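Trainee: Could we go through some of the labels people put on a structure like this? I'd like to see how each one is earned.

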Protein chains: 2
Amino acid sequence: MDSLFFAVPVLGVLGLLFALFQGQKILKEDSGNERMKEIAKAIAEGAEAFLFAEYRILLFFVCSLFLCIGFGTKSWLSAVAFIFGALLSTLAGYFGMRSATSANVRTAEAARQYGMKKALSIAFSGGSVMGMCVAGFGIFGIGLFYMLTKDVGVLSGFSLGASSIALFARVGGGIYTKAADVGADLVGKVEAGIPEDDPRNPAVIADNVGDNVGDVAGMGADLFESYVGALVSAMTLGFLLEGKSIEGVAFPLLLAGLSLLACVLGSILVLTLGGDNPSKVLKMASYSSAAAVLIFAFALSQYFFRDLHAAFAVTAGLIAGLAIGAVTEYYTSSSYNPVKEIAKQSETGPATNIISGMAIGMRSTAVPIVLISVAIFISYSVLGLYGIALAAVGMLSTTAITVAVDAYGPIADNAGGIAEMSGLPEEVRCITDQLDAVGNTTAAMGKGFAIGSAALTALALFASYAQAVGLNNINVLDSRVCIGLFIGAMLPFLFSAFTMSSVSKAAFSMISEVRRQFREKPGIMEGTEKPDYKTCVSISTKAALREMIVPGVLAVLAPLGIGLLLGAESLGGLLAGALVSGVMMAIFMSNSGGAWDNAKKYVEEGHNGGKGSDTHKAAVVGDTVGDPFKDTSGPSINILIKLMTVIALVFAPLIVAVGGIL
Amino acid sequence: MDSLFFAVPVLGVLGLLFALFQGQKILKEDSGNERMKEIAKAIAEGAEAFLFAEYRILLFFVCSLFLCIGFGTKSWLSAVAFIFGALLSTLAGYFGMRSATSANVRTAEAARQYGMKKALSIAFSGGSVMGMCVAGFGIFGIGLFYMLTKDVGVLSGFSLGASSIALFARVGGGIYTKAADVGADLVGKVEAGIPEDDPRNPAVIADNVGDNVGDVAGMGADLFESYVGALVSAMTLGFLLEGKSIEGVAFPLLLAGLSLLACVLGSILVLTLGGDNPSKVLKMASYSSAAAVLIFAFALSQYFFRDLHAAFAVTAGLIAGLAIGAVTEYYTSSSYNPVKEIAKQSETGPATNIISGMAIGMRSTAVPIVLISVAIFISYSVLGLYGIALAAVGMLSTTAITVAVDAYGPIADNAGGIAEMSGLPEEVRCITDQLDAVGNTTAAMGKGFAIGSAALTALALFASYAQAVGLNNINVLDSRVCIGLFIGAMLPFLFSAFTMSSVSKAAFSMISEVRRQFREKPGIMEGTEKPDYKTCVSISTKAALREMIVPGVLAVLAPLGIGLLLGAESLGGLLAGALVSGVMMAIFMSNSGGAWDNAKKYVEEGHNGGKGSDTHKAAVVGDTVGDPFKDTSGPSINILIKLMTVIALVFAPLIVAVGGIL
């Protein structure tokens, strides 16, 4: 058995080597003319500056929490695991972002020199570095830590490390990118009437930096924590399975390792096939990786348990994940009725656009919830709470390729921006736009996975928490549990209010700055004066860092506060309440935002009046409202619900010791 | 003890007599010139036509459910109670609406002839008929039914009757009023540039009818069901209290009866004081009624139980209700920062107006939830689940005056409309506008009560359900409960999606019709041709009736379906999930809507650019989005969560017998 456990970090390293190989390959490509290099450098520097500033704040936060864990739970090993998890999450985010900022300009250049196939290959390679880093560091870290300590209990610390970084990366990155985006759009596109990514717009570099720190680094950290959380909860619950404890730990771990291998193969498939239909290629890679995972799951289940129950649980999760992805696509892609309906409702103005977009987002919660419920029902029927954790592992088994496909989108988007800013011919922009459009659709699938897996992971972590505090029963009829449920259900609303206000405030500063530059430097619009990009970058950076503190602290203090005041059962109620209301809010906000975005694009393609019409203006309003919905508040809630559960899990000893002050 | 129980229906009849007296008094007032009479008649006829059309559909629904209850639970007495509850709710709504449609024109005339004091008195009298009918019929019905049967078990049928009518009245009325309102505003105010309530607008009568069927009849039915639900659950849980069963039943019933008396006194206070500061008078009446209720509560608690525990629970509920009202006012009144912030954000366009309005609505969930939690904590500490039910009764004890103050708003609003349409002098409109503005603020308090009491009532009914199916434990860690939680939390989102889409669709038909009339009858705008009001009334009526079916059926089938498929515990999870997510959605949507409405009015008063500015246009968008939020979807969710719980309670025997098919 020991040699099997040894294989896990090795598989992780294998994934990391693949990432390294891809990263080196990208760097060998041509990065275009001087103008392109200059722009790419500005974007890369802005992104790096933001991440380093963020890390400085996180260092303080991580050190404080390290001491809290150590003194609060008396488990310094957990505290070390926490540091380790935070470090690996940071590394995954950093390398992923680095590769994205080197792939963007090379994708543009490849589109110029060679066309679609080569451009797709570079953009996807860039994304796959992120994907492999997320899964590789996850597997490597957990595998190594378990091999060294043989203690599943301390792994929750590792998971907390991942979650803490994820929260700040998502919230900070989300505020950054949307402040820049909204600011650039409202003044540039609407007021000054210049196109998107026009180099005369002072916020244009900040906007492109935002894509990298929000959509790449933030999303990577998000899935890293889901991945780690699902694995840790499966191992924790597996360890408690009667009579087969080691197998219960080994199964999810090895499955994750082998799944990483499946994803490497899927990535190679994309890179060798390439071709003129990127959408088909990317989907095929995802589906074939998933198929390989299922084969591994059945083989491992038979090998470890002599039955197929574990494989059924994994299958239920994986299929639910794919189905949620498909449903998300239905509600957010302009090929289907919902988005067309929003476009039609935009004809009567922004109010009806907003109402119909929200109605569609709310309606889109129904099917995913039924799918999650079916996955819970099946996986619990075969293996109890452990089954639910395995369903989460199954859903996340293809993380490496999901992240690759997801991170590919912003790279293509950035490539388009660079093409625009450096004045490359129209055809180049045309290719990158096509790549970007495909990225939007595949990203919808990725978002579906992120939400579905967050729900199952949080549930599995929740079950682990109950075990850790020795609860077999969290009774809704108990008034304390009930109070917990109410407060928990309220937190995602409060949290979303904070993050949305933050985007508003930050966007407001950005708008003022861009207006100021246009006013004070009239040469900008005539092309005789250079705009001051740096001030805009610095406004986004400062606003994001300042605004991420309150939501971050709320996420840590709320569960601790209720746990210490009202006891472990009440905290259980809080986690359950936050889970169910948070999942709804996350689906609602992400899908409304995605649908508005694509409704606007649909109108821009010439439907319902086309670009420049009143319908289009109304659709732009929806898109702007949708920006913080889909890229800041919605995805942050995913992390909120997991982070609070992990906090509860790690601080379980303290909460049990205090036992509720009131 | 029997003579005490006899006193209850008598107190109910007393309230009804007061309503009758007020109603007669209104009819004696002068109803103005011919033009006013004609308009008032059109409004009254439209409202009556809608209610009768609604009753026809409800008759079919009520008969079906009567048979389902009879055959499903084998308790035909419950089925009869159901009919009785439905009938009384209908009567309360009908009489309230009748008095509102006779008070509106007389308020306008009084404002013209005598000024503020007399106008306030008539408008409030009109509202108080509704208030007294709600509480009077409630007390009378429950009191009589209990006196005759001495069986608390069958009262849940009565409660279900009230809830069924409430759902359709709220959803149907809400769709009606908002379709007409949005349609009238978008074409009349925005496109044709004519003022609100201009007689040239074909949708203007439909809009005024909507105020009566939605804001008066719908709201009355809503509070009738809360009132009845709280009483029934308190009596059910009180009956199970060890050793003091009869006292446990008698206490809430007598308290409600005496509270009605307190509200009659409060109403007389308003009518005798009147005066130039309507806001102060209305608030004073509410507070003094509440104080009288507390005195009764302490006296009755001492008398029945020889301790003050029950009084403490009542006090906790009542104070929480008043505090939630104050918080609601803070978030939705233009005297405070949140609304001013929305007005400021409107300067950068509709998108930022929408984002900030939603953020404020979401943020406004926090304090009310903490207040509800504190009320739960205190009331449960003193008397367990019975205490929670008593807190709900306490919160609703002042229903008669809350409804009076709430229904007064639309009457004043209608009076203003009639003044405008019949060309009364500017000063008249000025007085009615002042009365209306006060109504908006006091209505905010009423909404706070409605939401807070819905939460506590649903919780108390939930506890009764658990008793009825014999569950002492609903364990969140059980996968079926967990599935129930997820699906339950999703239902308010799906339900809101339906109701919002319905408003969109109905408003769309209304807009087309108004545009058609303006196009085909150019004489309308010049004043030479009369618009066709009836077609608009008929569009709203048909749309409301058609669109209320799906949400109504969903509310009945979802709990039954889960209960029969997955069993009683899973249904418990569903109810808990729907409760917590529904309360958040209701607060969020109501407060966002109220805040947008008042932000628009604040801008119209001349702030941030004033009427006609771009800021104003942006604020109008928010107001239009807020319309279905605050008057259709938000309040309907209140009823949804109670109705589903009552369905579960009534069908408990069936659900236990089937025991979960899966």
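Mentor: Sure, we'll take the labels in turn, keeping in mind that this is a predicted model.

Trainee: Why are α3(B) and α5(B) called oblique to each other?

Mentor: Helix α3 (residues 76–113) of chain B and helix α5 (residues 155–192) of chain B pack at an angle of about 40°, with axes 6 Å apart. Angles under 35 degrees count as roughly parallel and 65 to 115 as roughly perpendicular, so this pair is oblique. The crossing of α3(B) past α5(B) is right-handed.

Trainee: Which residues in α3(B) and α5(B) meet?

Mentor: From α3(B), B:Phe82, B:Gly85 and B:Ser89 are among them, and α5(B) brings residues including B:Phe158, B:Gly161 and B:Ile165. The residues of that contact split into nine nonpolar, seven polar and no charged.

Trainee: What makes the pair A:Arg112 and A:Glu109 a salt bridge?

Mentor: The rule wants a side-chain nitrogen of Lys or Arg within 4 Å of a carboxyl oxygen of Asp or Glu. Here the N to O distance is 2.8 Å, so the pair qualifies under that cut-off. Both residues sit in helix α3 (residues 76–113) of chain A, three residues apart, about one turn of the helix.

Trainee: How many salt bridges does the rule find across the interface of chain A and chain B?

Mentor: Zero there, though the count over all chains comes to 56. Chains A and B bury about 6,400 Å² between them, with 81% of it on carbon and sulfur atoms. On the chain A side, A:Leu477, A:Phe486 and A:Phe493 lose the most area to chain B, together 13% of what that side buries.

Notes
Residues numbered from 1 in each chain as written. Chains lettered and ligands numbered in written order. Predicted model: local features only at pLDDT ≥ 70, side-chain atom pairs only at ≥ 80, totals over all residues. Heavy atoms only, no water. Axes fitted to C-alpha atoms, helices over the stretch in contact; angles between N-to-C directions. Helix = DSSP H or I, 4+ residues; strand = E, 2+ residues; numbered from the N terminus. Parallel < 35°, antiparallel > 145°, perpendicular 65-115°, else oblique. Left-handed = near helix turned anticlockwise from the far one by under 90°. Contact = heavy atoms within 4.5 Å. Nonpolar A, V, L, I, M, F, W, Y, C, P; charged D, E, K, R; others polar. Buried area = accessible area lost by both parts, 1.4 Å probe.
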